[in-house]
Protein chains: 2
Amino acid sequence: MTVAGVMSGTSADGIDVAICRIGAGSAGPAQRSASRRRAGLAAGPAIELLLHRALPYPKALRTAVLAAMNAASTSAAELARLNWRLGQTYAEAVASAVGDYGKPIDLVGCHGQTIYHQGVAAKYAGRNVACTWQLGEAALIAAACGVPVVSNFRPADMAAGGQGAPLVPLLDFVLFHHARRARVLQNLGGIGNLTALPPAAKPPGLLAPDLLAFDTGPANMVIDGLTARLFAKPYDLDGRIAAAGTAHPRLLAGLLRDSFYRKAPPKTAGREQYGALFVDRILADAARLKLSSQDIVATATALAAASIRLAHERFVAPYLQRHTRAHSRIASSPVEYIVSGGGARNRTLLRLLAEELARFGCTVAPIDALGLPSEAKEAVAFALLAWQTWHRLPGNVPAATGAARPAILGQVTYV
Amino acid sequence: MTVAGVMSGTSADGIDVAICRIGAGSAGPAQRSASRRRAGLAAGPAIELLLHRALPYPKALRTAVLAAMNAASTSAAELARLNWRLGQTYAEAVASAVGDYGKPIDLVGCHGQTIYHQGVAAKYAGRNVACTWQLGEAALIAAACGVPVVSNFRPADMAAGGQGAPLVPLLDFVLFHHARRARVLQNLGGIGNLTALPPAAKPPGLLAPDLLAFDTGPANMVIDGLTARLFAKPYDLDGRIAAAGTAHPRLLAGLLRDSFYRKAPPKTAGREQYGALFVDRILADAARLKLSSQDIVATATALAAASIRLAHERFVAPYLQRHTRAHSRIASSPVEYIVSGGGARNRTLLRLLAEELARFGCTVAPIDALGLPSEAKEAVAFALLAWQTWHRLPGNVPAATGAARPAILGQVTYV
C-alpha cells in the first residue's frame, strides 16, 4: 500500500507530506485473525519512505492558525472556516506531493493542525473533560485526492484513558527497535519528546510494545518565541544566536524548578504551558537580571538540553536499567540518542545535548544518519498510523500515552 | 443490522435516539458490485423503527451549546471542551436507549450538534470557503458503546459541491415514495424544510432519486425565540399563544418580502439568518406597530405557514406538474403534505398550514399518522445514512443538496 502521511506541528510553519510504501512485514497479511493481528503488529509492518515534501502554509493561513491556537477570543464561524481552509490546503499539499511522486497512492493519513490539547481532565459543564482538537476537514482531502483519508488520530486514545500523545512511539518501535541496543528517539519539535526503546528482547506476539515515551518539555517553541521577539527571526538558524551568548545559571536553574520536569511519565506539555505567557515570563526575569538578547536565547537553548538530561537521569536511565537487568543475557552498551525535529538543525542545541548526555555515557546522533530525514519523521508516523487504522489495528502504545488499552485511532473518510 | 441514529437539532433542546433495524431490502446485499449497489439504493433498504428516546441536554450543557452557536466571541479551548462534553452526552444517550431496548446494536450514526453552517462560499484567508461544523466527539461514543460510529455527515456533500443540507431526503424517498401519489415531506424544525416526491415512476437502477428538497424558511426558531422573550416560555405549547392573537397583515407581508423565499432551490437557511438578530428585528417592528405579544407570536406562526405556501406555489407545484406531465400514465391525485418536527405539535401552525395549502388542493397530515413518530424522523435518517456509509454507499441526494455527484457521507470511527 502506498500511503501519504501529512503532519503539521505545533509551530504552525506548514505541512510535511511523506509518501511511504507500507507492507505487512515479515509476519505476512496481518489483518485476518486476532492472533495474526498481534503477530503482525509485533513483527511490525515494513515501511519505506518514497518521497518527502515540506510545504509552508500560505501567509494568511499561518496568521489565522496562530490566531486560533489557544485564542482567548475567536468565533465558531472563524474556526469552522479555518477547519475548511486547512482541509483545502492539506488536499493541495498531498496532490502536489503525489504529482512529484508520479504514481497513484492508496490512502492518506492526516494529523491536522492542533489548536487545543488538554491531556488532563478538568471540570466543564458539570463533568470532568480532557480534550484535544485537530483541524483540517478530511472530506476535502478525500474528494480532491480520490483516496480514503484517516484523520483525527488522538481522541480514540483519550477515550481509552490515554493523554492522546505521544503517537509517534509505534513508528519509533517499528523502525528503530534493536535486538541488543537501548535507543532513545529524541524529537526536538516545538515541544521535546522522547521514546526510550529497551533492547527488543521481548518475544513476538505482543500487541503493546514495551517502551517509555513522554514529553521532555519546551524545545523550539521557547527558542523560536524568543528569537521572534528579540531578533524578529522565526528561529535561531544553526543555533548561531545561542552560540554567541552564554546561558545564565541562576535563570536556568529557576526554569528547571518547574514541577513538570519532576512529574513521572506519561506526561504531555503544550502551547498552553510553554507559549507566549512563558516567553513573557522569561523576558521579564531576564530584564531584571539585565541579560543580553544572546544570553536569553542561549539560556532557552540550554533549558531544552538540560530538561532532556533531567528526563534521562530521572526516568529513562532507571527504566532502561530495569529492563536490561530483566534481560541479563543482553550485553550492556551505551544508550544511543537519535535526534529528530527542527531542533536537530540547531548545532548549539545538539552540542549542549551531547555534553549533557555524555555524563551518562550516552551517544547522540541526528536521525538523518540512520536514513530517515528528520523533518519527515512525524509525517511517516501518520502514514503508518493510517495504515494501522485501515487494517483495523491499534495505533497507540498504551505505555506511551497512559491508555488503558490499545485503540484503533482516527476516523476513516471514504471516497 | 441494528443501528442507533442520534440527532440534535438547531434548537439545541437535546438528543433524539432512534434504534432501527435496517436491511438491504428487496434488492438483496447491495454492496457487492456497482450495478447491485445502484439497484440496492433505488430499491432502498428496509427500515424498521424499534425504539425512540428523546433526552434533554443537561442544563449546563444546553447553556454552553447556545453560547457557542455562532458566538461572536468564544475560545478554541471552550469549543474543544464542548466537542468532548457533547461526545460524552451522546454516548450516555445511546447507552441509555440501548439499555431500554435490551439487545446489542451494531452501529451508531451520530449527526452531532451544528454550531456553524455556511452553505455558500465566502472569502477567507485568501480563498473561497463554505463550511459546516458539527460537534460531539465520535471516539467517545465508540468507546462507550463498543460499536463503530459514523459521524460528521455533512462535509463530504459540500466537498462534492453541495450545500451539505438537507440530508433527510434519502430517508424521505426510501420510506415515503409512492407509486401513484405525489407527496411532500414538510419538516417543521427550527428551520422548515421539505422534500417533494413525485410519483415514483422512475425505473429502478437510479443512484440519485428524482426529488426536490430545500429549506422553506424559519419555523420554530422564530416562534420559540419570541415566546422566550415575550412569555419566558421555551415554545408555544399546542400553539395556544398564537391562537389567542391575530397575525398582523402588514408585518407579515414585510417579512415575506425577504429575498430568501424567492431564491430558487437548492437553498438552506440557518441560525445565522433567522436567529436572535431576526427576532430583534421583528420585536422592533412590532413595537412601532404597537402589537400585543400574542399578535407577535401569531404573526411568526403565520410566517412559517405562509413561507411554505410560497414554496409550494413557486417551486413545488411547478416541479410536481412537470414530473406528472412526463409520466402521463399516472393519474393526478391531490398532493399529500406529511408534516414532522416539533412544529407538527403546534395546532395553530398546522391549522394555518392546512388553510394555506388547501387553496392548492393539497392535504396535510402529521407524519405520526403514517406510523413514524414525528420527533424520531431525523434520528432515523441518520441511522439510515450511517448504514449507507458502512456499506460504502452514498447518502446525499444531489437533487436536494446541489452536489455535483453522490458522495459517501461521514467518517467511520472503529472500536
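## Cysteines without disulfides

A:C145 counts as partly exposed, at 22% relative accessibility. This is a predicted model. Its chains hold zero disulfides in total. Take A:C145 as a case. The closest cysteine sulfur belongs to A:C110, and it lies 9.7 Å from the sulfur of A:C145. A disulfide needs the two sulfur atoms within 2.5 Å, so this pair is too far apart for a bond.

Another cysteine, A:C362, has a relative accessible area of 8%. The limit for buried is under 20%, so A:C362 is buried.

## The largest cavity

The model contains two cavities of 30 Å³ or more. The largest holds about 390 Å³ of space. Its lining is made of 26 residues. Nearest the centre are A:N152, A:Q411, B:W133, B:N152 and B:Q411.

Both chains help to build this lining. Strand 6 (127-135) of chain A gives at least two residues, and so does strand 6 (127-135) of chain B. By class, 16 lining residues are polar, eight are nonpolar and two are charged.

## The second largest cavity

The second largest cavity has about 80 Å³ of space. Chain A lends residues to its lining, including A:A139, A:A142, A:A143 and A:Y414. Chain B lends others, among them B:A156, B:A159, B:R405 and B:I408. The lining divides into nine nonpolar residues, one polar and one charged.

Which helix gives the largest share of this lining? Helix 4 of chain A does, with three residues. Helix 5 (154-159) of chain B also supplies at least two.

## Cis peptide bonds

Two peptide bonds deserve a look. In chain A, a cis bond joins A:A165 and A:P166, with omega at about -10 degrees. A:P166 sits in the loop between helix 5 (154-159) and helix 6 (169-176) of chain A.

In chain B, a cis bond links B:P265 to B:P266. Here omega is about 5 degrees. B:P266 is in the loop between helix 9 (249-255) and helix 10 (271-274) of chain B. Why point these bonds out? Most peptide bonds are trans.

## Positive phi angles

Most residues other than glycine have a negative phi. B:D238 is not a glycine, yet its phi is positive, at about 60 degrees. B:D238 lies in the loop between helix 7 (220-231) and helix 8 (240-243) of chain B. It is partly exposed, with a relative accessible area of 23%.

B:R392 is not a glycine either, and its phi is about 55 degrees. Its place is the loop between helix 14 (377-390) and helix 15 (398-401) of chain B. B:R392 is partly exposed, at 36% relative accessible area.

Definitions and conventions: Residues numbered from 1 in each chain as written. Chains lettered and ligands numbered in written order. Predicted model: local features only at pLDDT ≥ 70, side-chain atom pairs only at ≥ 80, totals over all residues. Heavy atoms only, no water. 1 Å grid on protein atoms, 1.4 Å probe; cavity = no way out; pocket = protein on both sides within 12 Å on 5 of 7 lines; lining within 4 Å. Points joined across faces, edges and corners; volume = space filled by probe spheres on them. Helix = DSSP H or I, 4+ residues; strand = E, 2+ residues; numbered from the N terminus. Nonpolar A, V, L, I, M, F, W, Y, C, P; charged D, E, K, R; others polar. Buried < 20%, exposed > 50% of the residue type's maximum accessible area, 1.4 Å probe, protein only.
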